[in-house]
Amino acid sequence: MAHAPTDSDYIVITPDPPLKPAPAILTTPTAMRRWRAAHPGPLGLVPTMGYLHEGHIDLVHRARRENMHVVVSIFVNPTQFGPNEDFEKYPRDEVRDLNLLRDAEVDAVYLPSAAEMYPRGFQTYVSVEDVTQPLEGASRPGHFRGVTTVVLKLFNATGPDRAYFGKKDAQQLRVIQRMTRDLDLGVEIVPCEIVREPDGLAMSSRNVYLTPAQRAAAPVLKQALEHARNLWNSGVRDAETLRRAVRSQIEGEPLAEIEYISLAEDATLRELDGPAAGAALLSLVVRFGHTRLLDNVELR
Ligand code: AMP
């Protein structure tokens, strides 16, 4: 006959290592600020647009090592997408992201809605001048104004001591560093190395758009950048020679359509003519079908 369960009816298992606690999830700037007020001490912020990969998680691990608290923001920011860009179809998978962030021992996830971030009547933007003009700024008008505005809002809501950005978005990193210094934000911007697939393709949420043939062709970007790095290491400094070396390698790949190849002064991103005197950034955007892939290498 059935009986009411007693303690001896259960086997109690204490997992070892213990289960990781789920991060707090904050969905409004007010809730985020309250959480921060209740969690004093060094805080590292990792801003993302979600659909996380190992490149993002590498930033999170670094933030985990260097701070008492780690907050990851996930927000696909409409103001940094142009009218004909992929905002609507940008890949999203919140449940998977939250599981990855729990495994990475994140304390809180800031997940605001677009309506919270951009309330009716929104009309205040921050823009950085010269360093936003070339490269991505020229290809994507208004992009960096959207980026700087949202990053400032994320800083205001989360109150970070440090914020972690990938070198994959090399111009974005310089723009954020500039804004942070110019506006006295008091946040340490921590640049993190590019994380790549085993065949050299830089990890990106947008890599899921690639067809199998495009995916197989995409490592040509890293190979071309490596070729230029070898030339640089052997003493080649002429800007056009380096750009041409990259271009001719990529042109050998029929699926690749070059949008730009740049060799620019590292700090200002001014395009170089003639020989590079100091450190330089070699960066490129190549399209495979509708998918834009960014990559770069620092030459020093
Ligand atoms: P996203 O979600 O694409 O806006 O990227 C969020 C942050 O992760 C940015 O600081 C990116 O530069 C960084 N990130 C994206 N992909 C990589 C990668 N492959 N390696 C290192 N950092 C990355």
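**Strand pairing and helix packing in a predicted model**

Modeller: In β3, S73 is the bridge partner of P47. This is a predicted model, in which local features need pLDDT of at least 70, side-chain atom pairs count only at pLDDT 80 or more, and totals for chains, interfaces and linings use all residues. Residues are numbered from 1 along each chain as its sequence is written, and side-chain values use heavy atoms, without hydrogens and water.

Colleague: What makes β2 and β3 paired strands?

Modeller: Strands (E, at least two residues) and helices (H or I, at least four) are DSSP runs, numbered from the N terminus. Two strands pair if DSSP finds at least two bridges between them; six bridges join β2 (residues 43–48) to β3 (residues 69–74), so the criterion is met.

Colleague: Why is one side of β1 and of β6 left without a neighbour in the sheet?

Modeller: The open sheet has the order β1-β4-β3-β2-β5-β6, with parallel pairing. β1 (24–26) and β6 (188–192) stand at its edges, so each has a single partner strand.

Colleague: Why are α9 and α10 called roughly antiparallel?

Modeller: Angles run from 0 to 180 degrees between N-to-C directions, with axes fitted to C-alpha atoms, for helices over the stretch in contact. Under 35 degrees counts as roughly parallel, over 145 as roughly antiparallel, 65 to 115 as roughly perpendicular and the rest as oblique. Helices α9 (residues 220–233) and α10 (residues 239–251) pack at about 150°, with axes 9 Å apart; they are therefore roughly antiparallel.
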